[in-house]
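Here is a short briefing for a first look at a protein model. Keep the sequence and the 3D view side by side as you read.

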Amino acid sequence: MKKLCLLIFMLGMFSYAQTADEAQLRKIYDVSLTNAKGYDWLNHLSNQIGGRLSGSIQAQQAVDYTKSQLEKLGLDRVWLQPVMVPKWVRGTPEFAYYESTPGLSTNVPICALGGSVATRPGGLKANVIEVQGIEELETLGREKIEGKIVFFNRPFDQKLVSTFAAYAGCVDQRYMGAAEAGKYGAVGIIVRSMSSRIDDLPHTGSMSYGDTPVKDRIPAAAISTRGADLLSTTLKLNAETKFYFKQNCEQLEDVKSFNVVGEIKGSTHPNEIMIVGGHLDSWDLGDGSHDDGAGCVQSMEVLRLLKETGYKPKRTIRVVLFMNEENGLRGGNEYAKVAKSNNENHVFALESDAGGFTPRGFSLDCSDANFEKVQSWKELFEPYLIHLFVKGPSGADIDPLKTSDMLLAGLRPDLQRYFDHHHAANDTFEHVNKRELQMGAATMASLVYLVDKYGVEPTKKIKG
Ligand SMILES: [Zn+2]
């Protein structure tokens with residue numbers, strides 16, 4: 001009898017502990033869905049400020065706005081962390097056409113890639129050579145490439161369920177295409193937009209010239225997927241088709257900008273720091289609502305939701321809005337550098353930078369012990385249809401902080417529509433759904449709550 005009573009008591013303890021966590025998650029989701037702030041913050045960032053390219057006036061306005069909103073939350077501390085960022089400007093809108101026979105031209109939508117040089121003022125017109133990837137350049141050789149515009153046209157692999165994997169399979173063309181084609185005497189490059197949707201919107205994104213001397217750098221632009229299909233078909237009918245494009249973008253001197261940081265001091269382990277963040281800069285074609293306005297406001301929401309639900313964190317919880325993820329990662333690198341020089345002990349970092357779509361779960365970059373720990377909370381998330389807990393990369397801005405002891409995580413929303421908008425003119429506020437955005441914020445706050453409550457598993461030190 002005594003044994004049975006003890007068992008019932010222990011079961012009671014267990015179910016009580018479960019209920020407390022269940023209740024806290026319920027509260028977090030309830031507040032996020034019924035009393036949302038993130039969506040309003042995003043409305044302001046997107047519709048009152050707009051695209052926030054590093055070094056722009058809009059980027060500074062976003063710094064000022066998010067700082068003022070964090071101050072209104074009554075956090076223990078809000079501050080700006082200075083960082084020098086590159087400043088690239090697009091200039092006047094780009095213009096392009098292909099000419100299948102002299103005098104017969106068809107306009108196609110293009111945009112300069114971030115970091116590209118301009119064409120000469122009158123534009124650039126040349127024959128085109130289509131390739132499916134960088135490796136093809138070597139096969140063709142200088143003889144077939146010199147004096148031409150190289151057209152990189154490898155599309156997303158539609159069979160891949162993860163659109164991130166499809167992106168990863170193509171993005172080398174955008175990032176390294178100009179540097180590589182330039183080695184064979186190409187005069188410019190055109191890259192198929194990084195998207196699986198066929199439409200008229202070119203998608204920009206970062207590129208690198210590697211160690212190419214300034215005088216040898218060739219202009220690089222993205223062409224819409226429909227434009228790419230048209231050009232490809234036309235080239236098959238007439239290999240002598242010429243392409244013309246004009247862009248007057250420019251790389252200016254670095255300018256001073258900021259990461260925006262706010263924190264709630266931990267009640268029992270203030271020196272153990274947990275961060276949650278997104279990147280405040282965006283590309284300039286749209287207003288950066290999905291990439292990554294959504295991640296910023298969700299991260300701000302995490303601190304508000306913990307406060308609103310009356311939770312007092314044991315550890316210090318910080319929101320960090322990183323500057324310059326898109327074309328330099330200076331904010332993420334600076335944050336990690338300062339953390340190291342201040343000897344700060346970061347135990348956890350979570351980033352949201354995959355769009356404001358319906359959350360599915362988390363990608364976790366951590367030890368097996370920490371992975372198992374997070375997996376053990378899976379049931380708590382099931383009522384909210386959060387089920388994906390996989391090992392994988394976390395986020396570009398938090399990655400520089402990484403140590404073997406840390407638990408790093410990336411929010412993983414549904415990815416099927418992300419690349420319809422990514423870095424294009426339709427990455428705008430009306431494409432973010434309020435409930436999906438707020439579900440993501442609540443999911444992030446729930447993980448932060450659980451990690452704070454139960455702690456991170458230390459890495460086993462090998463003796464000897
Ligand atoms: Zn992003």
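**A hairpin to start**

Strands S2 and S3 form a hairpin, with two residues between them. Glycine 103 sits in the turn and has a positive phi of about 90°. Keep in mind that this is a predicted model. The points below go from the hairpin to its sheet, then to the zinc site, the cores and some unusual backbone spots.

**The hairpin and its sheet**

- S2 covers residues 95–101 and runs antiparallel to S3, with four bridges joining the two.
- Tyrosine 98 stands opposite threonine 106, a residue of S3.
- Strands of a sheet pair through backbone hydrogen bonds, and the pairing can be parallel or antiparallel.
- The hairpin strands appear in an open sheet of eight strands, ordered S3-S2-S9-S5-S6-S7-S8-S4. Its pairing is mixed.
- Which strands are the edge strands? They are S3 (104–107) and S4 (110–112), and each pairs on one side only.
- From one strand to the next, the twist averages 30°.
- S5 (residues 124–131) and S6 (residues 149–152) pair in the parallel sense, over four bridges.
- Within this pair, valine 128 stands opposite isoleucine 149 in S6.
- Helix H4 (residues 135–145) packs on the sheet and touches S5 and S6. The direction of H4 makes about 145° with that of S5.

**The zinc site**

- Which residues hold the protein donors of the zinc ion? They are His279 through NE2, Asp291 through OD, and Asp353, which is listed with OD twice.
- These donors lie 1.9 to 2.8 Å from the zinc ion.
- In sequence, the donor residues follow the spacing H-x11-D-x61-D.
- Histidine 279 belongs to strand S11 (residues 269–279), while aspartate 291 belongs to helix H8 (residues 289–308). The two are 12 residues apart, and the pair links distant parts of the chain.
- Both histidine 279 and aspartate 291 are buried.
- Why is the arrangement around the zinc ion irregular? The four donor atoms subtend angles of 51 to 148°, and that makes it irregular. For a tetrahedral label, all angles would have to lie between 85 and 135 degrees.

**The nonpolar cores**

- In soluble globular proteins, nonpolar side chains tend to be buried together.
- The largest nonpolar core has 68 residues. Leu280, Phe348, Leu364, Phe381 and Leu447 have the most contacts inside it.
- Helix H13 (residues 434–454) gives the most to this core, with 11 residues.
- A second, separate core has 30 residues, including Ile134, Leu137, Val171 and Ala354.
- Leucine 364 touches several residues more than four places away in sequence, among them Phe371, Val374, Phe389 and Leu407.

**Two buried residues up close**

- Leucine 321 lies in strand S12. It counts as buried because its relative accessibility is 0%.
- Leucine 321 and leucine 280 are 41 residues apart along the chain, yet their C-alpha atoms are separated by 5.5 Å.
- Beyond four places in sequence, leucine 321 touches Thr66, Asn259, Val260, Gly278, Leu280, Cys296 and Met300.
- Serine 32 is in helix H1 (residues 2–34). Is serine 32 buried or exposed? It is buried, because its relative accessibility is 0%.
- Setting aside neighbours within four places in sequence, serine 32 is in contact with Leu305, Gln438, Ala441 and Ala442.

**Unusual backbone spots**

- Most residues other than glycine have a negative phi, and most peptide bonds are trans.
- A cis peptide bond joins aspartate 291 and aspartate 292, with omega at about 0°. Aspartate 292 is in helix H8, and aspartate 291 is one of the zinc donors.
- Leucine 329 has a positive phi, near 60°. It lies in the loop between strand S12 (315–322) and helix H9 (330–341). With a relative accessible area of 22%, leucine 329 is partly exposed.
- Leucine 385 also has a positive phi near 60°. Its place is in the loop between helix H11 (378–381) and strand S15 (388–391). Leucine 385 counts as exposed, because its relative accessibility is 66%.

Notes. Residues are numbered from 1 along each chain as its sequence is written. This is a predicted model: local features need pLDDT of at least 70, side-chain atom pairs count only at pLDDT 80 or more; totals for chains, interfaces and linings use all residues. Side-chain values use heavy atoms; hydrogens and water are left out. Donors are N, O and S atoms within 2.8 Å of the metal (3.2 Å for Na, K and Ca); water is not among the atoms, so sites may look incomplete. Four donors count as tetrahedral if all angles lie between 85 and 135 degrees; four count as square planar and six as octahedral if opposite donors are over 155 degrees apart and all others between 65 and 115; anything else is irregular. Buried means under 20% relative accessible area, exposed over 50%, partly exposed in between (1.4 Å probe, protein chains only). Two strands pair if DSSP finds at least two bridges between them. Axes are lines fitted to C-alpha atoms, for helices over the stretch in contact, and angles run from 0 to 180 degrees between N-to-C directions. Contact means heavy atoms within 4.5 Å. A nonpolar core is a set of buried Ala, Val, Leu, Ile, Met, Phe, Trp, Tyr and Cys residues joined through side-chain atoms within 4.5 Å.
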